[in-house]
Amino acid sequence: MRAREPERTGWAAQDGVRTYWAEYGSGPVTVLLMGTFPVVDGQQWKAQVPYLARHYRVITVDPRGNGRSDRPVGPDAYGDEVYARDALAVFDATGTDAAFLVALCSGIKWSLLLASAAPSRVRGIVAIAPGVHPLAPHPSPIDPVDAAAWQGRFDGWIDYHADVLLPEPHSSKVFDDLVGWTHQTDLDVLTARTHAPLHPSTEDEAVTLARSITCPVLVVHGTEDRCQPLERGRRFAAVVPGARLVVLEGAGHLPHGRHPVRVNTLIKEFVDMHAPPAATARSPWLFARERTRRALWVCSPIGLGHVLRDLAIARALRERVPDLRIEWLAQSPVSEVLTAHGEIVHDASAELASESAHWESEASDHGLHAFYAFRRMDEIFCANYMLFDEVVRETAYDLWVGDESWEVDHFLHENPERKIAPYAFLTDVTGFLPVDPEGDPREADLCADYNAEIIEHLDRYPYVRDRSVFIGSFAELPAASMGPGLPGVRDWSQRIYTSVPYVVPFDPSAFRRAAALRSSLGYGTGYPLYIAAVGGTAVGRDLLELTAEAFAIVRKEQPAARMVMVTGPRLAPDALPDVEGMDKRGYVPDLFAHLAAADAAVVQGGLSTTMELVAARRPFVYFPLAQHWEQQHFVTHRLDHYRAGTRMDFATTTPPELAAALIAARATRPAYRTVRRGGAEKAATQLAGLLVRP
């Protein structure tokens, strides 16, 4: 799923060849993200578009030969001057009078040709890894696609090429993206481009063209670029009048993909320097002694359990720091829950890219390969981090709290200089474990690589997190290895985190009198009461349909039985079957109370709901999502630790089997381990230590 969809798309025609373009955002300033060598399409800029489009009108281009653009035949169709004319055609087709150009590699030559031919239309150029070949030799050029060593091995060349362009460790997602984009084209197109007419083709032509540029130019180049040597970038910056050079130490050829935060901020600083934005209302500066303490709380939207525990911790934190103002950066459905509780949801929350919608788009048939879905959320993560980064620079906060704010945590460790306030990270899961290491060894390799990166981040920059809080006891974590040569999950977590008892949003002792509780909720007594719930996303529809069939069978044995089916905020109750005795509801506030009133429940494998049932000591059946690393490994281990729940497999469970399991669960008397109390208070005490002296 994309972090942002275009407002407008189309094609620009030039000599009968169509070039696809997409437009995002609006405003008086246009930024055109140029195409490059046709191993990529316009999605190469996916980490830039959402951020820049909140400030400017942004246009991306699929270069001829890739994406949705045409694929003409022969080298002459892929010359530098041809690509420059394509860009000019995009200007005309989109009604763009003038724009800032951002280009990579070959796209810099096309930008120079465009700026030379139509100087009034180019307001500035950001040149990333300039591919102006005559300016400096390459000591070890990349093999061309038609090199003898790669004859008949196009797929092998694609992997080789991507590997050369990405020398940085832990670049597997950008690598996979590049390989995928390159597979969109073919050998004939890349061979044609390789042998196309180049301009400039001599050093004199290159110097003359570069010196003719009158607009501002920013050059960005990585020291480890194996496609365009750094000396080319230095020479280019030296000959372009007034150009500024920024060298990225350790970066390869694709810094906009591998180091997007740095590149994004450089682009915006450059554009704003040469096209100052209109003044906007900002919070007035306050003398330090007059400031109220403020915290920004980032709450994960995956399910609703995070927000309920965060509210419990926030209440305890306010008891310890009474003058604290908490603002929440959160998206639907979490933002609605926060509003209902009278909390302050930051206005910028409306601009967050939807994580819940992404997870739902990745799920099917009660299955969700959560690790791969997590990897494919990189675009959304970057967009949402960039929004966070702006929010914390517009307002001075005394504390940042992130409950499984993976994007904040990752990009702060990648860019530790962006940290400007105390930061606490909360989580109930640590690390990735493969769900099918034998059937999918690449998943195992990728999990290990992600784990290694996290370990390296926290070891190298221990000061980024001021508090690392694990929600639960370390015994509730599996001891499994995080990968070859890496520590075990439990051992590593004990080194990094402090633990607090698992946080449930209620006092279990207040729910011990079942009859009184059922009466207070509007339920009667004297009949079996079952609850079915699947959390805050639409992923659980298949389970609810199975449950409806099973409950119809339960009713044959227990005619007085009733079921409350809670579909959650993102599933319409009317979309589920009608069954006699079954009441379908959407979002139910304080669902934990209804779970505590049930004789038995059927739920997904989400941690929050299952732990609420454990704390309330209610019998339940649970179905972990297939291929969901957290539910298959971490939640199951935790529930086994508490000796709680009956685990079932959705793929093999029939309605009669589920009906029998529900009836059997109702007849049991749970002997669970006790969930220790005081988790919210202990977590709040740790956070308060960052705001007030003991």
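In this predicted model, D590 counts as partly exposed, since its relative accessible area is 42%. D590 sits in the loop that links β18 (582-585) to α21 (591-597). Its backbone is a bit unusual, too: phi of D590 is near 55°, a positive value in a residue that isn't glycine. Most residues other than glycine have a negative phi, and most peptide bonds are trans. Q627 tells a similar story, with phi near 65°, again positive and again in a residue other than glycine. Q627 lies in the loop between β20 (620-623) and α23, and it is partly exposed, with a relative accessible area of 44%.

Peptide bonds have their exceptions as well. A cis bond joins H199 to P200, with omega at about 5°. The loop that holds P200 runs between α6 (187-194) and α7 (203-211). Another cis bond joins S332 and P333, and here omega is also about 5°. P333 is in the loop between β10 (325-329) and α12 (334-340).

Now for a residue that is tucked away. T36 belongs to the loop between β3 (30-33) and α1 (49-53). T36 counts as buried because its relative accessibility is 4%, and the cut-off for buried is under 20%. What does the side chain of T36 reach at 2.8 Å? The partner is the backbone oxygen of L104. That side chain also reaches the backbone nitrogen of S106, at 3.5 Å. Leaving aside residues up to four places away in sequence, T36 touches Q44, P63, L104, C105, S106, G107 and W110.

E5 makes a handy contrast. E5 is placed in the segment before β1 (8-14), and at 48% relative accessibility it counts as partly exposed. The cut-off for exposed is over 50%, so E5 stays in the partly exposed class at its 48%. E5 and A480 are 475 residues apart along the sequence, and their C-alpha atoms are 40 Å apart in space.

Next comes the nonpolar interior. The largest nonpolar core has 109 residues, and those with the most contacts inside it are I128, F388 and W400. The helix α15 gives this core its largest share, 10 residues. F388 shows what such contacts look like: not counting residues up to four places away in sequence, F388 touches L296, V298, L329, W400 and V408. A second core, separate from that one, has 71 residues and includes V334, A533, V566 and Y622.

The inside isn't filled everywhere, though. Rolling a probe the size of a water molecule over the atoms shows where empty space is left. In this structure there are 5 cavities of 30 Å³ or more, and the largest of them has a volume of about 790 Å³. Which residues are the closest to the centre of this largest cavity? They are I302, G303, L304, G305 and G606, out of 45 residues that line it. The elements that each give two or more residues to this lining are α11 (305-320), α13 (355-362), β19 (600-604), α22 (607-616) and α23 (629-641). Sorted by class, the lining of the largest cavity has 25 nonpolar, 14 polar and 6 charged residues.

Pockets, which are open, are the other kind of empty space. The second largest pocket has a volume of about 990 Å³. Its lining is made up of 32 residues, and H55, K268, T280, E390 and E394 lie nearest its centre. Two or more residues of this lining come from each of α10 (260-274) and α15 (378-394). How many residues does α15 give to the lining of the second largest pocket? The count is 6, which is the largest share. So α15 turns up both here and in the largest nonpolar core, where it also gives the largest share. By class, the lining of the second largest pocket splits into 13 nonpolar, 6 polar and 13 charged residues.

How values were computed. Residues numbered from 1 in each chain as written. Predicted model: local features only at pLDDT ≥ 70, side-chain atom pairs only at ≥ 80, totals over all residues. Heavy atoms only, no water. 1 Å grid on protein atoms, 1.4 Å probe; cavity = no way out; pocket = protein on both sides within 12 Å on 5 of 7 lines; lining within 4 Å. Points joined across faces, edges and corners; volume = space filled by probe spheres on them. Helix = DSSP H or I, 4+ residues; strand = E, 2+ residues; numbered from the N terminus. Nonpolar A, V, L, I, M, F, W, Y, C, P; charged D, E, K, R; others polar. Core = buried A, V, L, I, M, F, W, Y, C linked by side-chain atoms within 4.5 Å. Buried < 20%, exposed > 50% of the residue type's maximum accessible area, 1.4 Å probe, protein only. Contact = heavy atoms within 4.5 Å. Polar contact = N/O pair within 3.5 Å; in protein donor to acceptor, adjacent residues only side chain to side chain.
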